[in-house]
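Work through the exercises below with the sequence and the 3D view side by side. Each task is followed by its solution.

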Amino acid sequence: MVAVAAAHSAAQAAVRAAWPSQRQQAVNAAPQRRQRAPAARRGRLAVAATAAPPAAASPFSMVQSEEQLFALIKAGAGNGSVPPRVVAAFHELYGNYKAAILSGGSPGSDEGFVARVMAAVCERVLLELNPATAYTFPSHHKRIQEPYDYFAFGQRYIRGLIDFQNSVLGHADRFEQIQKQLDAGENVILIANHQSEADPAVFALLLEKCFPHMAEEVNYVAGDRVVTDALCKPFSMGRNLFCVHSKKHIDDIPELKAEKMAMNRRTLKAMQTALNEGGKLLWIAPSGGRDRSIDPVTDDFTPDAFDPSAVELMRALSAKAKPAAHIYPFAMFSYKIMPPPRVVEKEIGEKRVIGFSPVGISVCPELDVEALLADIPAEEKEARQAALAEAGYKAVCEEYDHMREAVRDPAKRGEGTDYTQPWLAHPPVVLA
């Protein structure tokens, strides 16, 4: 990890300067601060990686109430260090998160918990809005857990939004099979539908009791939004990511297109290196983003179609690697926690709708790639790609429908094997 001592004083001053009149009376604490990183400017795309922040005093760490937190934000707005648009957005986010947490009634879900979590979110987001302390993601980002634990930060934020009593894990036996394959040094690719910004935390929280290695070590193929939006970045910093620029947004700023394509090439090289090492679990959404398809009858979000080129890329990379590889379609039901906008937005900074809801994740049977492509001539590349993507997408859609019913109706969870709730065998985690 890059040394951080040289940036300690500058980073410490960055937060303190924002609330000079409130620092002593509001809170006197010790969250953490970050090394200086180059800013991504319009016309230039920063690609260097920086380290997590060293420990330093901050006015956020002992916030215990909504009043304390908004006193700090008001002070920052008053001296110009917090833009008005950020103040308005945070007020909205706070209200949505508070309503969702309190409606859930999980152990520890009180107003104090909301204030403490949102104080941490505000602190981390403001760091990302400051060019002196903003983090820049490399092609292969490794989750940061020290000196600040961004993994725990993300888990804590989402945990109180999940209705664990009604959530399900589909086909635990297939997860066991995947763990054995990973333990044997083989690679596993999950081609998944993607419903919510909370998906990485949903994945980890539903697996933490029975498959902790998968929960923590999975590598996500992440689009540019989750590593550039200041509200997303702190949550992304706690995950292992292969960072790419998606086709949906690669032309958003024409002068950056060449550099974005160059970063994509570096990411592909990093992915190939990781797969060559073996024992890697990769999660990718071949649709290129969150699900936006709507069932006209139920008004539910449903899985979006897979891009054949994205599925083919994962097949080709994993096939090129020396260790054996396995491709599993993977279904996620999570949109009610943070439903995406119903249309793709070009601008960074979408409004966040938040809810307390059950969720589900499930593994489909492994794709038999050779059998699926056996009757399609090798020269018909587009047909082969389409067949593989369609098989994966069809499997996800079918499993998604079954899992959604299992979430909503306990009678449809099978005889204790299809859809289970392993976390209920453990004492509930008290929110703190």
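A salt bridge is a side-chain nitrogen of Lys or Arg within 4 Å of a carboxyl oxygen of Asp or Glu. The model is predicted, so local features need pLDDT of at least 70 and side-chain atom pairs count only at pLDDT 80 or more, while totals for chains, interfaces and linings use all residues. Residues are numbered from 1 along each chain as its sequence is written, and side-chain values use heavy atoms, with hydrogens and water left out.

**Exercise 1. Find which residues are linked with D300 in a network of salt bridges.**

Step 1. Start from the pair D300 and R404, whose closest N and O atoms are 3.3 Å apart. D300 sits in the loop between β7 (293–294) and β8 (301–302) and R404 in helix α14 (residues 381–408), so the salt bridge ties together parts that are 104 residues apart in sequence. Helices (H or I, at least four residues) and strands (E, at least two) are DSSP runs, numbered from the N terminus.

Step 2. Extend the search: the network consists of D300, D401, R404 and R408.

Step 3. Check the cover. D300 and R404 are both buried; buried means under 20% relative accessible area, exposed over 50%, and partly exposed in between (1.4 Å probe, protein chains only).

**Exercise 2. For the salt bridge of K280 and E277, decide whether each residue is buried or exposed.**

Step 1. The N to O distance of this salt bridge is 3.0 Å.

Step 2. K280 has 19% relative accessibility and therefore counts as buried.

Step 3. E277 has a relative accessible area of 56%, so E277 is exposed.

Step 4. For contrast, take E405 and K412, which meet in a salt bridge at 3.5 Å, N to O. E405, at 31%, is partly exposed, and K412, at 45%, is partly exposed.

**Exercise 3. Work out the order of the strands in the open sheet of 9 strands.**

Step 1. The order is β1-β5-β4-β6-β3-β9-β10-β2-β11, with mixed pairing. β1 and β11 (419–420) stand at the edges with a single partner strand each, so one side of each has no neighbour in the sheet.

Step 2. Two strands pair if DSSP finds at least two bridges between them. Strand β1 (residues 140–141) and β5 run antiparallel, joined by 2 bridges, and H140 has F242 as its bridge partner in β5.

Step 3. On β4 (residues 219–222), 4 bridges pair the strand with β5 in the parallel sense; Y220 is partnered with L241.

Step 4. In β5 (residues 240–243), N240 and F242 point one way and L241 and C243 the other, and all are buried.
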